[in-house]
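Here is a friendly walk through one protein model, meant to be read with the structure open beside you. Feel free to rotate the view as you go.

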Amino acid sequence: MARSYVHEARKRVGPRRPRIRPIIERLAAAHPDARIALEQQNPLELLVAVMLSAQTTDVNVNQVTQALFRKYRRPEDYLAVPPEELERDIYRTGFFRQKAKAIRGTMRMLVEEYDGEVPRRIEDLVRLPGVARKTANVVAAELGNPQGIVVDTHVRRLSQRLGLTRHDDPVKIERDLQKLVPRDEWGRFPHLLIWHGRRVCIARRPLCEECVLTDLCPASRV
Ligand code: SF4
């Protein structure tokens, strides 16, 4: 995109701070069902589902966890079977060896250090084997204690298109978003961008003519 065009587009929509509230409000109205797509009933299932979702789709994880969560109900259950059995049970999510190892390590730490409970704080969550910051952010937010903003591929793409960040690195994007998005929206905001990214602001072909943000978006084609 030519520089002058980008400049003109940014001028048209104005600075980012006054745009953030209307962006959130309009997306919330357009996607009232925006929420985590992973099916889970409690903090332990949430943690396992998010760990399994690396490098695969939520739909795929949901298919695997249907049976998995009937069989494994407590952290001890994951440690009571041979590692190969857990690997077989999560095989269809891909990277099953690494994931099984991470889940077993996490379950051991939950039992030994957290009384079998999933901790709420990011500092504790990232101590769990195989739990990176993104996973910790998702879990903390879903448990009602968001301490950061989840940046996945949709959040990154939409933040860039909406001119909320000029960065490409997820850590820097998260920092930009934290300065802009009101704290009480940190949990909901990524879901709004993710659902909008799946339904309207699609990676290859954004449906700008159907978008509720055209007048707030410097990348709008309308
Ligand atoms: S106007 Fe187009 S590029 Fe901007 S958020 Fe909407 S769909 Fe995406």
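The report starts with the whole chain and then turns to particular helices, one arginine and the ligand.

## The chain as a whole

Please keep in mind that this is a predicted model. The protein chain has 12 helices and 0 strands, so its pattern along the sequence is simply one α after another, α-α-α-α-α-α-α-α-α-α-α-α. Along the principal axes, the C-alpha atoms fit in a box of roughly 60 × 30 × 30 Å.

How much of the chain is buried? Of its 222 residues, 34% count as buried. Contacts can also be sorted by how far apart the partners lie in sequence: among those with a separation of 6 or more, 59% join residues 24 or more positions apart.

## A covered helix: α3

Helix α3 spans residues 43-52 and is mostly covered, with 7 of its 10 residues buried. If you would like to pick them out, they are Leu 44, Leu 47, Val 48, Ala 49, Val 50, Met 51 and Leu 52.

Which helices do the buried residues of α3 pack against? The partners are α4 (58-71), α5 (75-80), α6, α7 and α9 (133-142). Two of these partners, α6 and α7, appear again in the next section.

## Where α6 meets α7

Two packed helices are described by the angle between their axes and the distance between the axes. For helix α6 (residues 83-90) and helix α7 (residues 96-113), the axes come within 9 Å and cross at roughly 120°. The two helices are therefore oblique to each other, and their crossing is right-handed.

On the α6 side, the contact is made by Pro 83, Leu 86, Glu 87 and Ile 90, while α7 brings Phe 96, Arg 97, Lys 99, Ala 100, Ile 103 and Arg 104. Sorted by class, these contact residues of α6 and α7 are 6 nonpolar, no polar and 4 charged.

## Where α2 meets α12

Helix α2 (residues 16-30) packs with helix α12 (residues 188-199) at an angle of about 60°, the axes being 10 Å apart. This pair is therefore oblique too, and α2 passes α12 in a left-handed crossing.

Look for Ile 24, Leu 27 and Ala 28 in α2, which meet Phe 189, Leu 192 and His 196 in α12. The contact of α2 with α12 has 5 nonpolar residues, 1 polar residue and no charged ones.

## Arg 161 and its partners

Arg 161 belongs to helix α10, residues 153-161. Is Arg 161 buried, exposed or partly exposed? Arg 161 counts as partly exposed, because 18 C-beta neighbours lie inside 10 Å.

Apart from neighbours within four places in sequence, Arg 161 is in contact with Cys 201, Cys 217 and Ala 219. Lys 172 makes a handy reference point: Arg 161 and Lys 172 are 11 residues apart in sequence, and their C-alpha atoms are 16 Å apart in space.

## Around the ligand

Which residues come nearest to the ligand? Of the 13 residues around the ligand, they are Cys 201, Cys 208, Cys 211, Cys 217 and Ser 220. Cys 201 and Cys 217 are also contacts of Arg 161.

The shell around the ligand is made up, by class, of 10 nonpolar, 2 polar and 1 charged residues.

Conventions. Residues numbered from 1 in each chain as written. Predicted model: local features only at pLDDT ≥ 70, side-chain atom pairs only at ≥ 80, totals over all residues. Axes fitted to C-alpha atoms, helices over the stretch in contact; angles between N-to-C directions. Helix = DSSP H or I, 4+ residues; strand = E, 2+ residues; numbered from the N terminus. Parallel < 35°, antiparallel > 145°, perpendicular 65-115°, else oblique. Left-handed = near helix turned anticlockwise from the far one by under 90°. Contact = placed C-beta atoms within 7 Å. Nonpolar A, V, L, I, M, F, W, Y, C, P; charged D, E, K, R; others polar. Near = placed C-beta within 6 Å. Buried ≥ 20, exposed ≤ 12 C-beta atoms within 10 Å, placed from the backbone.
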